[in-house]
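Visitor: I'm new to this one. Could you take me on a close look at a single part, the place where protein and DNA meet?

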2 protein chains.
Amino acid sequence: MTTTSMKDVARAAGVSVGTVSNVLNRPEAVAEETRSRVQAAITELGYVRNDSARQLRAGRSRTVAVVVLDVANPFFTDVVRGAEPLIESAGGVVTVCDSGEDVRRERRHLEILEEQRVLGLLITPVDDTSASWIERLSGHDIPLVLVDRGAGRHPHCSVAVDDVHGGRLAARHLADRGHARIAFVGGPASIPQVADRLAGCREVCEERGVALEVFTTAGLNFAAGREAVEQMLGLAERPTAMFCANDLVALGALQALTMHGVKVPQECAIIGYDDIDFAAAAAVPLSSIRQPRAQLGRTAAQLLFDEIGEGEGHTHRNVVFQPELVARASTAEAL
Amino acid sequence: MTTTSMKDVARAAGVSVGTVSNVLNRPEAVAEETRSRVQAAITELGYVRNDSARQLRAGRSRTVAVVVLDVANPFFTDVVRGAEPLIESAGGVVTVCDSGEDVRRERRHLEILEEQRVLGLLITPVDDTSASWIERLSGHDIPLVLVDRGAGRHPHCSVAVDDVHGGRLAARHLADRGHARIAFVGGPASIPQVADRLAGCREVCEERGVALEVFTTAGLNFAAGREAVEQMLGLAERPTAMFCANDLVALGALQALTMHGVKVPQECAIIGYDDIDFAAAAAVPLSSIRQPRAQLGRTAAQLLFDEIGEGEGHTHRNVVFQPELVARASTAEAL
DNA sequence: ATCCCTTCATGAATCGATTCAAATTCCGCG
DNA sequence: CGCGGAATTTGAATCGATTCATGAAGGGAT
């Protein structure tokens, strides 16, 4: 009742619905006089386009969804920030979905996004079991780009950072600092990023004869870091350094260590991953492995629109960035 | 072409479209045998409902939008987290829109949300000029709840925290610690939360004879805090404590002070606002004014659905929570 | 065999915007 | 005055799901 449709506007302006539509979509094809009369009717009646009807006709929405593991993680908000400008300047609308590292939540989001016939999708899959759902979307002609994750042998575009190498950088740095017994903290192991970072770390540890203790956590957040520390402090032979799978975990660990009076880095060094803004502002400025967050997002959006634009003849591209060590106080030379 | 519609499913299962619709929406009204035949056809063809068509018919979408000032601010992600469960359990879909403290971005979002005929809206308006747009949505029968902002004399539900009182708490705490010259850092002044916190602060300063220096920033983030410190350090008579309009600003300030070798809290104390998780993990654990973030979100969602449910006869409710001081090292007694 | 009631299934109408072939108007020019 | 062509406008068809009045089929009871 309250809703005003094009038909109402048409009647008020004394024209046909086709003309109203033209005023909205191809104003240059409408005579000046008519156009202003229609515009007047539109503001007069407070008419607002109905996007559902538009989409129904168009067969697609103009929404680009970004599915991330954790919106509260600054890493992902930075990725999204990187992607937004390009998407919006292309007339798209961004919607962010938080899978919370949970496959079930991820799936629910994907179901809804598919029903919404989204224009495209940037997604950081929770784990390998996500693949079948992703293929399904892709099979239904929804273009997508994998973010922070190589495509492997899957037929998709992707932007990723070499996490194995990142793991190596971290481990090598700790080994260089003289640590002979280190802990890796992160999980769940099913998350590809975690597995890769651990793999790189393990490789270096074996090479350099460093003892590696793995603490598998339930998630990648503050609490995980705190819990890992509680567990670690109980050990007879305690590692002298920790490599945390991301900065949130590292900050949680740092907090717990400080609370227990363990000096960082003298009694236990810490290095994180992502180099989020908070890392530098931490109790002890946190060493970390930096990823080009915004660029990851920007490139992902670029690849997506390339794919949309090129249509059938599209060749998938897989972009890999190299991570970079940022050494700060939390891994300073022990005195 | 590639898209399968209900008509295709109906044909494949040898029934009418009406029956397919019933299988999806009221399965109990369909005979067991028919139902399974239709289900089989659905999976066989990989049919996926078209939400646009559904919404067009329904006249409304099932999306609840949350419009926040800054998604990268943990305060807001926590508010969203608080609201989500309730919205989802009511069959809604959450979409988060980031206004970035920018009225133009906010307006663009509102335009789109209106075209999408969203089910409802939780919004933290950028400033008072947002009001006219908000009234417009409201006038078009889109129920909304103001978040972190009293409704004033506007006819809406709202959940808020008493920011004036929060400002008082912070200032009183600093005065109690013996500071006689303090700085308020935050902005832009048009943001109501900033204005209120400053008002409370100013009130106490006058009462207690504390000198107040106001540094107005362009935003509420890390960079703002850093810049304010640069500016402050140039002053002849430097404040001995800073009250920052939120924790991000405070962390930025803390970082800058540390870089300049200014000892916190000995040479300059800091208190923030929001008590985000990072506050406790900061270089110097940050004193802050705590707000019940998750509860703010939960209550907002509750009010929204109350309003949707009650329809015309609805009476608006305005819930106000009280903030709470959390004292940590950054405002410890000067030694 | 008949009538009534329940249970199921049908298919046309509807939501609102877009599209496009066809119709109409308008002009300049011979 | 009439014609060709450009500039506008029209309105019916379409997208896909939902709804609901109508109808058909099945089952008791008499």
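Guide: Sure, let's start with one contact: an N or O atom in the side chain of R54(B) sits 2.7 Å from a phosphate oxygen of DNA strand D. That is a polar contact, meaning a pair of N or O atoms within 3.5 Å (within protein, one must be able to donate a hydrogen and the other to accept it, and residues adjacent in sequence count only if both atoms are side-chain atoms). The elements giving two or more residues to the surface near DNA strand D are α2 (17-25) and α4 (51-58) of chain A, plus α2 (17-25) and α4 (51-58) of chain B. Helices here are DSSP runs of H or I, at least four residues, and strands are runs of E, at least two, numbered from the N terminus.

Before going on, a word on what you're looking at: this is a predicted model, where local features need pLDDT of at least 70, side-chain atom pairs count only at pLDDT 80 or more, and totals for chains, interfaces and linings use all residues. Residues are numbered from 1 along each chain as its sequence is written, chains are lettered from A and ligands numbered from 1 in the order in which they are written, and side-chain values use heavy atoms, with hydrogens and water left out.

Back to DNA strand D. α4(B) gives the most to the surface near it, with four residues. "Near" means that one of a residue's heavy atoms lies within 4 Å of the molecule or strand. There are 22 residues around DNA strand D, and T34(A), M6(B), Y47(B), R54(B) and R57(B) come nearest. Sugar and phosphate make up 71% of the atoms of DNA strand D within 4 Å of the protein. Phosphate oxygens of this strand also pair with the side chain of N25(B), at 3.0 Å from an N or O atom, and with a backbone N or O atom of A31(A), at 3.2 Å.

Now hop over to DNA strand C. It has 21 residues around it, the closest being M6(A), Y47(A), R54(A), R57(A) and T34(B). Here α4(A) gives the most, with four residues. A backbone N or O atom of M6(A) comes to 2.5 Å from a phosphate oxygen of DNA strand C, and a polar side-chain atom of R49(A) lies 3.4 Å from a phosphate oxygen of that strand. For a base contact, look at R57(B): an N or O atom in its side chain is 3.1 Å from a base oxygen of DNA strand C.
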